[in-house]
Amino acid sequence: MFEGIGVIAIVASLILVAMELRQNTNVAQANALFQLSAALDDSYRRRAQDPELAQLIKDGHDDIDSLTELEREQFASWLRADINQLEAIWTYYDLGLMSDDNFGGFAASICSRVSTKGGRRYWKNEAQYFNSGLGDYVKNTCH
């Protein structure tokens, strides 16, 4: 009789541990998603507050040849930092730590960076410095 009670107690304990682990995983995923979103939001806030930066980024995407050498370097630096954030997000997704639903908007952001005239040129020259899986994703998804 005591053995049966012991087995029931062990099974109940395992169920509780599994529930707590699932809840902790959900909280960790939500925190990671929030932090990744906040990092990208910071980039947009800076653009909104700095008209020169906003113009540089617009011109870099629209007609990179219209930029001076220094401006092209600034655009490339901004794009590198921006894609680095998106690469981190893609990595979370690739590792199964982010759902398809959560990744959808970020996927569009990735493609929006590398599908413009300036973005395509940047990606052609710099893709080698990013995760090869992200490179495959861009090649197969972003047109």
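**Close-up 1. Helices α2 and α5 of the predicted model, packed at an angle of about 75° with their axes 4 Å apart.** The angle makes α2 roughly perpendicular to α5, where α5 spans residues 117-126 and α2 spans residues 51-62. On the α2 side the contact is made by Gly-60, His-61 and Asp-62, which meet Lys-117, Gly-118 and Gly-119 of α5. Sorted by class, the contact of α2 with α5 holds four polar and two charged residues, and no nonpolar ones.

**Close-up 2. The surroundings of His-61, a residue of helix α2.** His-61 has a relative accessible area of 11% and is therefore classed as buried, the cut-off being under 20%. The side chain of His-61 makes a polar contact with the side chain of Thr-116, at 2.6 Å. When neighbours within four places in sequence are left aside, the residues in contact with His-61 are Phe-75, Trp-78, Leu-79, Ser-112, Arg-113, Thr-116, Lys-117, Gly-118 and Gly-119. Among these partners, Lys-117, Gly-118 and Gly-119 belong to α5 and take part in its contact with α2, whereas Trp-78 and Leu-79 of α3 and Arg-113 of α4 are also found in the contact between those two helices.

**Close-up 3. Helices α3 (residues 69-94) and α4 (residues 100-114), packed at an angle of about 150°.** The axes of the two helices lie 10 Å apart, and the angle makes α3 roughly antiparallel to α4. The crossing of α3 and α4 is left-handed. From α3, the residues Trp-78, Leu-79, Asp-82, Ile-83, Leu-86, Ile-89, Trp-90 and Tyr-93 meet Asp-100, Phe-103, Phe-106, Ser-109, Ile-110, Arg-113 and Val-114 of α4. By class, this contact of α3 with α4 is made up of 11 nonpolar, one polar and three charged residues.

**Close-up 4. Asp-82 in helix α3, and the residues in contact with its heavy atoms.** The relative accessibility of Asp-82 is 3%, so this residue counts as buried. Apart from neighbours within four places in sequence, Asp-82 is in contact with Leu-40, Ser-43 and Arg-113. Of these, Arg-113 is one of the α4 residues that meet α3, while Leu-40 and Ser-43 fall within the range of helix α1, residues 2-49.

**Close-up 5. Helices α4 and α6 (residues 132-141), whose axes come within 10 Å and cross at roughly 80°.** At this angle α4 is roughly perpendicular to α6. The residues of α4 that make the contact are Phe-103, Ala-107, Ile-110, Cys-111 and Val-114, and those of α6 are Leu-134, Tyr-137, Val-138 and Thr-141. In terms of class, the contact of α4 with α6 has eight nonpolar residues and one polar residue, with no charged residues. Phe-103, Ile-110 and Val-114 of α4, which appear in this contact, are also among the residues of α4 that meet α3.

**Close-up 6. Two separations along the chain and in space, one from Ala-32 to Met-98 and one from Gly-105 to Arg-22.** Ala-32 lies in helix α1, which covers residues 2-49, and counts as buried at 10% relative accessibility. Its C-alpha atom is separated by 9.2 Å from that of Met-98, which is 66 residues away along the chain. Gly-105, by contrast, is placed in helix α4 and is partly exposed, with a relative accessible area of 47%. Between Gly-105 and Arg-22, which are 83 residues apart in sequence, the distance from C-alpha to C-alpha is 25 Å.

Note on methods
Residues numbered from 1 in each chain as written. Predicted model: local features only at pLDDT ≥ 70, side-chain atom pairs only at ≥ 80, totals over all residues. Heavy atoms only, no water. Axes fitted to C-alpha atoms, helices over the stretch in contact; angles between N-to-C directions. Parallel < 35°, antiparallel > 145°, perpendicular 65-115°, else oblique. Left-handed = near helix turned anticlockwise from the far one by under 90°. Contact = heavy atoms within 4.5 Å. Nonpolar A, V, L, I, M, F, W, Y, C, P; charged D, E, K, R; others polar. Buried < 20%, exposed > 50% of the residue type's maximum accessible area, 1.4 Å probe, protein only. Polar contact = N/O pair within 3.5 Å; in protein donor to acceptor, adjacent residues only side chain to side chain.
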